Every structure is written in structure tokens, then in C-alpha cells.
Amino acid sequence: MFVIIKRVFRTAWQGLVRNHWLSFACIAMLTISLMILTSILIFNNASNALIDILKEKTDISIYFKRDVPEEDILRIRDDLIGNEKIAKIEYISQEEALKIFEEKSSRNPALKKALEELGENPLAASLNIKAKETEYYTKIIEDIDNSAFRDKLITVDLMENQRVVERINAWSRGIKLISFLFIILAAILSILISFNTIRMAIYSLKGEIEIMKLVGASNWFIRGPFLLEGALQGLIASLVAILIFMPVIIWLSPRAESFISEISIGLYFWSHFWYILLIQTLFGMFLGIVSSFWAMNKYLKV
Amino acid sequence: MSLIYFKNVSKAYNGSLILDNITFEVGPGEFISIVGRSGVGKTTLFKMLIKEERPTKGRIFFNDKDINKFKHRETTFLRRKTGMVFQDFRLLDNRTAYENVAFAMEVAGYSEQAIKKDAPELLNLVNLREKANNFPHQLSAGEKQRVVIARVLAQRPELILADEPTGDLDPINAWEIIKLLTKINELGTAIMLATHNKEVINTLGRRVISLDGGKIIRDEQEGRYLI
């Protein structure tokens with residue numbers, strides 16, 4: 001058994017070195033395939049982060065009439081927190097609302113002056129509601145609209161809230177769909193690139209495979225070194241791909257963050273470095289082995 | 001007991017009959033030449049013997065076993081026991097002469113020690129010890145053919161099928177190959193030689209099967225090239 005393994009390794013290594021141009025072409029194409037794969041991983045992470053940002057920034061606020069006592073609002077909050085669709089409710093009193101408004105309007109003297117002229121706090125207390133999923137907002141708004149405390153609320157158009165929420169939901173779905181389609185397309189592309197390159201490489205060696213068959217070699221005796229060669233090509237391609245990605249990420253990350261600060265490609269890449277390398281290597285070896293296996297079958301039927 | 005038995009074998013390609021109802025036997029250790037014009041079916045005959053092609057009709061026996069009933073494992077065994085020498089050599093181009101011989105021994109299941117001992121000896125037998133580390137493109141046509149013979153011998157076959165082995169060689173190299181084949185035959189291996197070379201056939205004075213129009217027109221023990 002040890003002798004067979006040694007022979008398989010020796011033959012695979014010889015094939016890799018002696019057919020160096022073929023090996024170079026296969027490794028180059030596998031590298032491109034793996035870079036597509038890693039781009040998918042990073043893109044998928046960025047799109048998920050974008051969806052999370054949208055979700056994080058989505059909430060609805062309901063404003064209470066000024067004569068509603070604070071205890072009533074807190075009771076309503078406690079009732080609402082029992083709703084399984086709601087993740088978090090924040091109570092903002094009239095005083096807190098005024099403080100927030102003052103902070104926000106500190107750079108706008110006209111607004112500040114208008115507030116002073118009023119002489120009293122015109123702002124209403126509110127409950128800021130965050131749903132567990134963005135899809136739940138529509139139902140929460142419906143529940144509030146049909147609730148017993150509906151008449152305690154300032155008449156606001158809850159439908160407007162709903163329209164914003166629906167738009168955000170549509171965006172999330174759109175991003176997910178585009179991301180999914182991109183993943184499928186890129187996966188097909190990477191498999192096709194590597195498969196066709198290895199198929200051409202094996203085609204150029206079909207004469208050798210036929211000779212091996214005629215000398216009396218069994219299919220697995222012939223396949224073994226070719227499959228290992230494919231795996232070695234995948235391994236080398238993975239290392240090359242990660243070496244190319246490192247400076248690209250260093251260059252790209254600050255530029256991407258200047259567009260959307262919450263999306264840090266660099267943070268994801270470096271914190272998942274070994275995971276990405278492992279996935280890349282396994283996928284590279286898988287592509288190398290499967291493509292070689294598939295491409296060889298035709299010539300093993302001699 | 002015969003080594004090879006062709007029983008009423010016919011072979012057609014796209015409806016065109018190449019071999020028509022061929023029957024003959026080859027005994028162990030026999031030297032037999034197959035002669036005939038190009039396209040008469042000599043190579044097809046050999047290809048059917050190593051199961052690279054299947055007969056359209058009839059049966060072929062190797063050591064009294066029907067080779068068309070052979071499974072994958074038996075087919076690989078058949079090919080190890082039936083060494084092929086081709087006109088176009090068919091060496092593994094990215095392996096040295098030594099590695100080509102060693103590959104055949106690995107296929108046959110020899111140990112590393114046996115390969116290290118026997119492969120140089122086999123190359124020595126065909127006068128190629130100094131060129132053991134040369135790749136096929138660094139060898140002349142005659143040298144390539146001698147590597148092929150060393151590779152065939154490495155598997156200790158019961159039968160060698162030589163298909164126009166001298167076709168691409170000059171007369172001196174051609175005679176060296178024929179001499180090598182007769183020497184191998186004297187040591188007990190059966191040889192089937194397909195050739196156009198009238199001089200070789202007439203000098204050998206061995207059994208000759210003449211093919212014409214897909215049929216055996218002559219099968220003589222001390223035959224001559226008469227086509």
C-alpha cells in the first residue's frame with residue numbers, strides 16, 4: 001500500500017513538473033476560479049451586512065397625544081413587548097424627545113428660536129418599536145391600528161410607515177436575490193473554466209492514457225496520479241489566489257469603507273482568513289479532482 | 001492446448017467487412033507472421049486480440065478462455081500477458097526509457113527492488129543501458145523500438161504482437177529488431193508479426209498466414225511472402 005501511494009505521489013509530481021506548461025495553464029485557470037469563489041464569499045458577506053444595516057436602521061415610532069399619562073404609555077409598552085414579532089421597544093418621554101430635538105437642531109438657530117418662542121415643549125412622547133424581522137412591521141402596524149389604544153395616538157398616517165417598511169423589505173429581497181444569482185452564476189463560471197481547462201489538458205494526454213491501458217494498467221492505476229495531480233494543482237492555485245487577494249484586500253478595503261462605512265471587507269477577510277483559505281483549498285482540490293476524473297473517463301474506455 | 005484460437009471471426013466497420021470468417025490457432029512459443037496488403041485487417045486482428053476492438057462475429061480464445069467474456073480485471077491481465085510492439089512505438093513521451101520500462105513493471109505489480117534490478121538489465125538486453133535516462137524524443141526510431149521491446153519483456157508476456165515493428169526503421173535497425181524478436185521467441189515467448197517486409201518473411205522461414213480480401217488465403221508452416 002505504501003509503495004502504491006509513493007508511486008502515485010512520484011508520478012503525479014513528475015506529471016506536474018514535466019508538463020509544466022499544461023500545469024501552469026491549469027493552475028492559472030483554477031486560480032481564477034478560486035478568486036471568483038472568494039469574491040463570492042466576500043460579496044455575500046457584504047450584501048448580508050448591507051441587509052443587516054437596513055434592518056438595523058428600520059423601526060417605527062408611534063406618538064402619543066400629550067394628555068396621555070406616562071403610566072398608560074408604559075403599560076401599553078409592556079403589553080406590546082409581549083408581541084412575539086417585536087424585538088425591542090424604547091420609550092422616549094416628552095423631555096427626552098425635546099433633548100434629542102435640541103441636540104439635532106443645535107446647528108440650526110431658526111429652529112432653536114422657534115422652540116424658544118413656543119415657550120413649552122411641543123413634542124410628544126413616543127414608543128420606538130423594533131421588529132425581530134423587517135417582514136413583521138406590516139403586521140405590527142396592523143395590530144397597532146386595530147388596538148384599543150389607537151385613540152391615544154396622535155393621528156398619524158401609519159400607512160406612510162408601512163410604505164417605508166415595504167420599500168426596505170423590497171430592497172432586502174432584491175439584494176438577497178441579486179446576491180444569490182451572482183453566486184450561482186459565478187459558481188457555474190468557475191466550474192466551467194476549470195473543467196474545460198483540465199479537460200483540454202487531459203485531452204492532450206489522451207495518447208498517454210491509451211498507451212497505459214494497452215500496457216495493461218487498470219483504470220485506477222492510471223487515474224490515481226492524474227487525480228492527485230489535479231488536487232495538487234488545486235492546492236497550488238489556492239495558495240496563489242490567497243497571495244493575490246491579500247494586497248487586493250489591503251488596497252480595496254479602505255476604499256469600500258469610504259462608500260459604506262459599516263461594510264468592512266478587510267475586517268471580514270482577515271478575521272476569516274483561515275476559513276477562506278480552507279474553503280478555497282477544498283474547492284480547488286475538489287475542482288481539480290472532479291474535473292480530472294470526469295475528463296479522463298472518456299479515454300479509459302479503450 | 002492452443003495459446004490463441006480465432007474461431008470464425010468476422011469484423012465489419014460501418015457495414016464494410018474487413019475480416020471474413022477467420023479461423024486459426026497459435027500454439028505456445030510459436031513464431032507466426034501475418035502478411036497482406038495495407039488495410040487487409042492485420043492491425044484489426046491484433047486489436048481484437050487485446051480487446052481494443054470486438055469481433056462482429058465469432059469468438060477469440062486466449063489460453064482456452066473466450067476473451068469477449070473477460071471483465072475489466074481479466075482484460076488488463078490479458079494485456080499484460082500480450083505485449084504489443086507498434087510501428088509508431090507508443091512510448092510515454094514524458095518518461096525516460098528507464099521509466100517506460102519501470103511503468104510496465106509497476107503495472108504488472110513488481111516490487112521497487114525488482115524494478116531497480118530488472119529494468120536496467122532489460123535495457124541492457126536491447127543495448128540501451130547508456131540511454132536509460134533519455135526521453136523518447138532524444139532517441140532514434142530504432143532505439144525507441146528497442147525500448148518498446150524492453151517494455152514488453154518487462155511484463156514477461158506469453159505472446160508478443162508486433163504490428164509493422166520495422167515499418168519506420170532503416171534496414172540495419174529493422175534487422176536488429178527482427179533478430180531481437182527471434183531471440184525472444186527462442187526463449188519461449190510466442191510472436192505474431194504483421195509486416196509488409198517480404199525479405200524479412202522469406203528469410204525467417206517460419207509459419208506465415210496470408211490475408212487477402214478479408215480471408216485467409218494461405219497458412220503455411222515454412223511460408224513465404226506470396227502476395
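How many residues of chain A are in contact with how many residues of chain B? In this predicted model, 13 residues of chain A are in contact with 16 of chain B. Start there.

**Stop 1: where the chains meet**

Select chain A and look at the side that touches chain B. Two helices each give two or more residues to that side: H1 (2–18) and H8 (206–214) of chain A. Colour that side of chain A by class. You get 7 nonpolar, 3 polar and 3 charged residues.

**Stop 2: three strands of chain A**

Stay in chain A. Select E3, residues 126–131. Now add strand E1, residues 60–63. E1(A) and E3(A) run antiparallel, joined by 4 bridges. To find the register, pick A:Ser61; A:Asn128 in E3(A) stands opposite.

Next, add strand E2 of chain A, residues 86–92. E2(A) also pairs with E3(A) in the antiparallel sense, over 6 bridges. Here the pair to label is A:Ile89 and A:Ile129, the latter in E3(A).

**Stop 3: helix H5 of chain A**

Select residues 109–118 of chain A. This is helix H5(A), and it is hardly covered. How many of its 10 residues are buried? The count is 0. Step on to A:Gly119, which follows H5(A). Its phi is positive, near 80 degrees.

**Stop 4: the four-stranded sheet of chain B**

Move to chain B. Select E1, E2, E4 and E5. They form an open sheet in the order E2-E1-E4-E5, with antiparallel pairing. Which strands are at the edges? They are E2 (16–26) and E5 (65–66) of chain B, each pairing on one side only.

Zoom in on E1(B), residues 4–13, and E4(B), residues 57–62. They pair over 5 bridges in the antiparallel sense. Label B:Lys7 and its bridge partner in E4(B), B:Arg59.

Now show helix H1(B), residues 42–49. H1(B) lies across E1, E2 and E4 of chain B. Its direction makes an angle of about 120 degrees with E1(B).

**Stop 5: the six-stranded sheet of chain B**

Hide that sheet and select E6, E7, E8, E3, E9 and E10 of chain B. Taken in the order E6-E7-E8-E3-E9-E10, they make an open sheet with mixed pairing. E6 and E10 of chain B have a single partner strand each, so one side of each lacks a neighbour in the sheet. On average, neighbouring strands here are turned by 15 degrees against each other, direction ignored.

Begin at the E6 end. E6(B) pairs with E7(B), residues 159–163, in the parallel sense over 4 bridges. B:Thr82 has B:Leu159 in E7(B) as its bridge partner.

Then go to the other end. E9(B), residues 207–212, and E10(B), residues 215–220, run antiparallel with 5 bridges between them. B:Ser210 stands opposite B:Arg218 in E10(B). The two strands form a hairpin with 2 residues between them. Click on B:Gly213 in the turn: it has a positive phi of about 60 degrees.

**Stop 6: a loop residue**

Select B:Asp88, in the loop between strand E6 (82–85) and helix H3 (97–107) of chain B. Why does B:Asp88 count as partly exposed? Because B:Asp88 has 13 C-beta neighbours inside 10 Å, and a residue is called exposed at 12 or fewer and buried at 20 or more. Draw a distance from B:Asp88 to B:Gln113. They are 25 residues apart in sequence and 31 Å apart in space, C-alpha to C-alpha.

**Stop 7: helices H3, H5 and H6 of chain B**

Select H3(B) and H5(B). Their axes come within 8 Å and cross at roughly 25 degrees. That angle makes the two helices roughly parallel, and their crossing is right-handed. On the H3(B) side, show B:Ala97, B:Asn100, B:Val101, B:Ala104 and B:Met105; in H5(B) they meet B:Val147, B:Ala150, B:Arg151 and B:Ala154. By class, this contact has 7 nonpolar, 1 polar and 1 charged residue.

Keep H5(B), residues 141–154, and add H6(B), residues 171–186. These axes come within 9 Å and cross at roughly 15 degrees. H5(B) is therefore roughly parallel to H6(B). This crossing is right-handed. Among the residues of H5(B) that meet H6(B) are B:Gln145, B:Ile149 and B:Leu153. Those on the H6(B) side include B:Ile177, B:Leu180 and B:Ile184. The contact divides into 6 nonpolar, 3 polar and 1 charged residue.

Note on methods. Residues numbered from 1 in each chain as written. Chains lettered and ligands numbered in written order. Predicted model: local features only at pLDDT ≥ 70, side-chain atom pairs only at ≥ 80, totals over all residues. Pairing = 2+ DSSP bridges. Contact = placed C-beta atoms within 7 Å. Axes fitted to C-alpha atoms, helices over the stretch in contact; angles between N-to-C directions. Nonpolar A, V, L, I, M, F, W, Y, C, P; charged D, E, K, R; others polar. Parallel < 35°, antiparallel > 145°, perpendicular 65-115°, else oblique. Left-handed = near helix turned anticlockwise from the far one by under 90°.
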